[in-house]
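Grab a pencil and get ready to work through a few short exercises. Each one sets a task and then solves it step by step.

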Amino acid sequence: MKRTIPLGLLYSVTGSYARIGQACRTGALNAIAAINADAARQVAFDPLDRDPGGNIDLYAPLCDDILRRTTARHIIGCVTSWSRKEVIPTLEKHGGTLWYAVPYEGFEASDHVVYLHACPNQHLLPLLDWALPTYGKRGFLTGSNYIWGWEMNRLARDTIHAKGGEVLGERYLPLGSVDVARMIEEIRATAPDFILNSLIGPSSYAFLRALAELAARDPRFAPDRCPVLSCNMTECELADVGAAAEGLIAAGPYFRDGAGFGSSHEAAAYRAVVALADMLEQSPDTASLPLSALLDTPAGQRSGIDAKTHHTAQPALIAQVRGGAFHVVHNGGVRAGDPYLTGPAPSASVTRLRVIS
């Protein structure tokens, strides 16, 4: 007889970044279905689905609802870093664990979070190491106006300066905003060698479409001369961008390239559920163990999750959209997660103050 364990799902499958939430939820539900159907498994999961709808004020209450009203101690969920940070105090209060399957900006290692996707030494730094010698060192930085955009652009700015490059502009939009005209005009006026796009959801889609319109009028902004770089664009959003995604270059641990999971978000969420199931197979007591104890089990030690940082090793892949699909153009090898960038760096980081209006 299988033991049925409640498992929280906390994804916004509606709202401004619904595509990413839907992809993650699909991965988690497919893994749950596979585990529940596997007769050799001793555990089955009962998914407890909650949809914050992209409303930041609902994440902590819904997380509390799962952990306080049920016996669930594990949640697969959150898309934005803002939402992840909103639920951490609730996880700490109830002894819960969040399994986070989305790329993020690093500089975090919570005792209550497992990081299943890439951090900057696995996406942004390999991307810039590859792109700057290829396209040039004059960049323009865009981002959504919250921690992901701020930190990604801070790291990019420091890296570009350390490599002798120049940041020609840095602009942010509120989450969900599609008012990209000022960004596009500044890009036209400054003519950078590349653009780092750390916008999310509809903001990113509107930006890419507007930039494609600019490129159609001015060949200086064609993808082969002024590419858009991204660390968060995956297959699950290409249909929303349409032809404007052509030529976009993205970094990540996984690209479909014809077969397999629909996106790296789906793959990471699937991996999270399977890793958790492997650990909970040990004994009936494991469902209530804290994360540190779970990672100390034989299954936890085999999981590939670092016991200190709770990050995982990831391939550092770079892919470009060609013919409506991502194709890998560079493989930087597998890299251990280094959220605080303590490993060797190619050159010293330089911190510069700037004014953002």
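**Exercise 1: ring pairs**

How many aromatic pairs does the structure hold?

Solution. Before counting, know your material: this is a predicted model, where local features need pLDDT of at least 70 and side-chain atom pairs count only at pLDDT 80 or more, while totals for chains, interfaces and linings use all residues. Residues are numbered from 1 along each chain as its sequence is written, and side-chain values use heavy atoms, leaving out hydrogens and water.

Step 1: the rule. Rings of Phe, Tyr and Trp (its six-membered ring) pair if their centres lie within 6.5 Å; planes under 30 degrees apart are stacked, over 60 edge-to-face, and the rest tilted.

Step 2: the count. There are seven aromatic pairs. One of them joins Trp130 and Tyr135, with 6.1 Å from centre to centre and 70° between the planes, which is edge-to-face.

Step 3: another pair. Phe255 and Phe326 have ring centres 5.0 Å apart and planes at 50°, so this pair is tilted. It connects distant parts of the chain, 71 residues apart: Phe255 is in the loop between β10 (249-252) and α9 (264-280), and Phe326 is in strand β12 (residues 325-335). (Helices, H or I with at least four residues, and strands, E with at least two, are DSSP runs numbered from the N terminus.)

**Exercise 2: buried or not**

Sort Tyr135, Phe255 and Phe326 by exposure.

Solution. Step 1: buried is under 20% relative accessible area, exposed is over 50%, and partly exposed is in between (1.4 Å probe, protein chains only).

Step 2: apply that. Tyr135 has 22%, so it's partly exposed. Phe255 comes out at 7%, so it's buried, and Phe326 at 1% is buried too.

**Exercise 3: a charge over a ring**

Which residue lies over the face of Phe107?

Solution. Step 1: a charge sits over a ring if NZ of Lys or CZ of Arg is within 6 Å of the ring centre and within 35 degrees of the ring normal.

Step 2: Arg154 is the one, at 5.1 Å from the ring centre of Phe107.

Step 3: look at Phe107 itself. It sits in the loop between β4 (97-100) and β5 (113-115), and at 30% relative accessible area it is partly exposed. Its phi is near 60°, a positive value in a residue other than glycine. Most residues other than glycine have a negative phi.

**Exercise 4: cysteines**

How many disulfides does the structure hold?

Solution. Step 1: a disulfide is a pair of cysteine sulfur atoms within 2.5 Å.

Step 2: the structure has zero. For Cys24, the nearest cysteine sulfur, that of Cys236, is 7.5 Å away. The sulfur of Cys226 is 16 Å from the closest one, in Cys231, so that's too far for a bond.

Step 3: Cys24 is buried at 0%, and Cys226 is buried at 2%.

**Exercise 5: one helix**

What does α2 pack against?

Solution. Step 1: α2 (residues 56-69) has 14 residues and reaches 21 Å from its first C-alpha to its last, close to the 20 Å expected at 1.5 Å a residue. (The expected span is 1.5 Å times one less than the number of residues.)

Step 2: its buried residues include Ile56, Tyr59, Cys63 and Leu67.

Step 3: the buried residues of α2 pack against β1 (3-10), β2 (43-50), β3 (74-77) and α3 (81-94), where contact means heavy atoms within 4.5 Å.
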